[in-house]
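Before you set up any calculation on this model, here are some notes on its pockets, its charged pairs and one run of strands. Please read them beside the coordinates.

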Amino acid sequence: MDVQEALKIGELSNSTIVAGHGGVGRQITSIEVMEVPEVISWVTPGILVMTTFYSIQHDERKQVEIVRTLIEKEAAGIVIKLGRFVDSIPIDMIAIANEKDFPIIIIPKSVSYINVLTPLYEKLYEEKQLLESENNPFSELESKSYASLSEALDELNDIVGSPVYIEDMEGALMYSSKNFLPNGWRKSNALFSKPEYPSYAEVIDEWKTSLLTKDRTLLKIEGFRDCLILPLVSNQQVFATIHIPYVERLHSIHMSSSQLKKLMAKLIELFMNEQLYLQKKRIEHLERLEEFSSRDDDEVEYFVIRFQANWTEKLFSSSPYLIDPSCLVLKELHSLLDPLTDRSIIVFEKYYHFYAVVQCSSDEYSIILDQLRERMNEKYEDLYVVAGPLLGHSRLLDDALRLVDKTMEIGRKLRKEETFYTYDKLGIYEILIGLTSDEHVQSYADTLLSPLLQSTHKDLLDTLQMYLKENGNVTKTSEKLFIHRRTLTYRLQKIEELLNVNMDDAESRFILHFCLKIKQLSG
């Protein structure tokens, strides 16, 4: 607001400018009432002074001196109420004001200060808020509503031009915006993944204290961009940190302490609201599970999924009370499963294991499994999944949970290179595991394979296993073992001699495969 605008606001519109007309473009930054002559100590550039000259009503020289001081201090102008204590303006004051384009404004004694000051203060406040908003890159984010914290982080990503992620005070990743980029602190944006910086634990311990008194700090790692660290604080405890690696645009954004505090308050609010929402959703799914398992319904078709990963088995004892990591796991699993079908999906936790009950028809079953496998390959490298068989009665749920648990155990033991297991492929091993406790079965396998179980014949045992795995294909087996076909042929002949079997016979290969699996499951 400049002087010319101020002359149109409230009862100042009843004023008259008597000198310094050329200075009506001076900007007003504050307004003060002055009734004492000592102005040097408190006058600041842009101030508009209002006075009656009460204390110096009989000293024109002092009145002129005050105006001269205001001009030197680059004040915006002076408003004098005439008729109260002074009836006229000194000629020297008029001359100085005209020379320096310093506005002198007079108001009649009938105009009260309050009717002049109030609308001017309101105008200045509005302009200040608008200016702060224009200079605050986060103003829109602070005022906007978001469906989730992740959505807000994505917008923050766009504002600062840099990935944004949130870690708990153990360094475990809880949230990550789009366009994640590995840096010197962390390489992965997988849920609950830890930093790879060697001394990250010591750095985080220091943040727990230092960020209680500071609104930010810089993480400097040689060879990598600096990273801005912002604290999320509740009850005098830093419960998480926001990480924003520096990019060129971030250097050009001025972030005042007040702006950062508002931003942090917004993100803390979103974090807590989402935690409450996720906890309610977890309870809702547990209630749906109880209702489903108590039904006596032989018309329902469904299957059970079991999930396992390092981030689904994280111990949470040291997490702050307001962080519920299991809710974040359930949220991640919902994002994986919900796009697969419009049918009912119940996601739940039981003894730190995570499951889903998916209702579908026999026609949809294989389609959902293919889509689930595809989504896992796109995003999840360290997630292991078991899909149970399609069932037709809700009372079979407990058996279905035990079945996928057993299948997960078998898959992780026998198919370590795979991450997606189905009961139709691994269910037979549950029977085989039962047979491993039968001493007659063990004796049979030991007797048949004993010539190959000696340490001197380990290469023959490995050859037999690969040959059977490749369904008797000599070319593929030699390629997998990195040996010549002649070498493989020699080894197969040696195996036949030692075991007294014909490797071309399908039944013999089946028996050998069976015995090898029994030994593998017994180990």
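The points below take the pockets, then the salt bridges, then the strands.

1. A word on the source: this is a predicted model, in which local features are reported where pLDDT is at least 70 and side-chain atom pairs count at pLDDT 80 or more, whereas totals for linings use all residues.

2. The largest pocket holds about 610 Å³ of space. Its lining is made up of 20 residues, and those lying nearest the centre are Y429, K469, H513, K517 and Q520. By class, the lining of this largest pocket comprises ten nonpolar, three polar and seven charged residues.

3. Which elements supply at least two residues each to the lining of the largest pocket? They are α13 (423-435), α15 (458-469) and α18 (506-522), and of the elements that contribute, α18 gives the most, with six residues.

4. In the second largest pocket there is about 520 Å³ of space. The lining has 19 residues, with N189, A190, L191, E332 and K379 placed nearest the centre. Two or more lining residues come from each of β7 (173-176) and α10 (325-337). The lining of the second largest pocket divides into eight nonpolar, six polar and five charged residues.

5. Over the whole structure, a search finds 17 salt bridges, and three of them are described in this and the next two points. In the pair formed by the side chains of K220 and D226, the N to O distance is 2.9 Å. K220 is exposed, at a relative accessible area of 57%, while D226 counts as partly exposed, at 24%.

6. A second pair, D399 and R402, meets in a salt bridge with an N to O distance of 2.3 Å. Both residues belong to helix α12 (residues 397-414), where they are three residues apart and therefore separated by about one helical turn. D399 has a relative accessible area of 42% and is partly exposed, whereas R402, at 53%, counts as exposed.

7. The third pair is K480 with E470, whose closest N and O atoms are 2.9 Å apart. K480 sits in helix α16 (residues 474-481) and E470 in the loop between α15 and α16, so this salt bridge ties together parts that are ten residues apart in sequence. Is each partner buried or partly exposed? K480 counts as partly exposed at 47% relative accessibility, but E470, at 13%, is buried.

8. Strand β9 (residues 227-234) is mostly covered, seven of its eight residues being buried. On one hand, β9 is joined by three bridges to strand β8 (residues 217-219), with the two running antiparallel; on the other, eight bridges join β9 to strand β10 (residues 237-245), again in an antiparallel arrangement.

9. Where do these pairings involve L228? L228, in β9, is the bridge partner of L218, and L228 also stands opposite I244 in β10. The hairpin of β9 and β10 has two residues between the strands, and in this hairpin N235 takes a positive phi near 50°.

Definitions and conventions:
Residues are numbered from 1 along each chain as its sequence is written. Side-chain values use heavy atoms; hydrogens and water are left out. On a 1 Å grid over the protein atoms alone, a cavity is a set of points where a 1.4 Å probe fits but cannot get out, and a pocket is an open set with protein on both sides within 12 Å along at least five of seven lines; lining residues have an atom within 4 Å of a point. Grid points are joined across faces, edges and corners, and a volume is the space filled by probe spheres set on the points. Helices (H or I, at least four residues) and strands (E, at least two) are DSSP runs, numbered from the N terminus. Ala, Val, Leu, Ile, Met, Phe, Trp, Tyr, Cys and Pro count as nonpolar, Asp, Glu, Lys and Arg as charged, and the others, Gly among them, as polar. A salt bridge is a side-chain nitrogen of Lys or Arg within 4 Å of a carboxyl oxygen of Asp or Glu. Buried means under 20% relative accessible area, exposed over 50%, partly exposed in between (1.4 Å probe, protein chains only). Two strands pair if DSSP finds at least two bridges between them.
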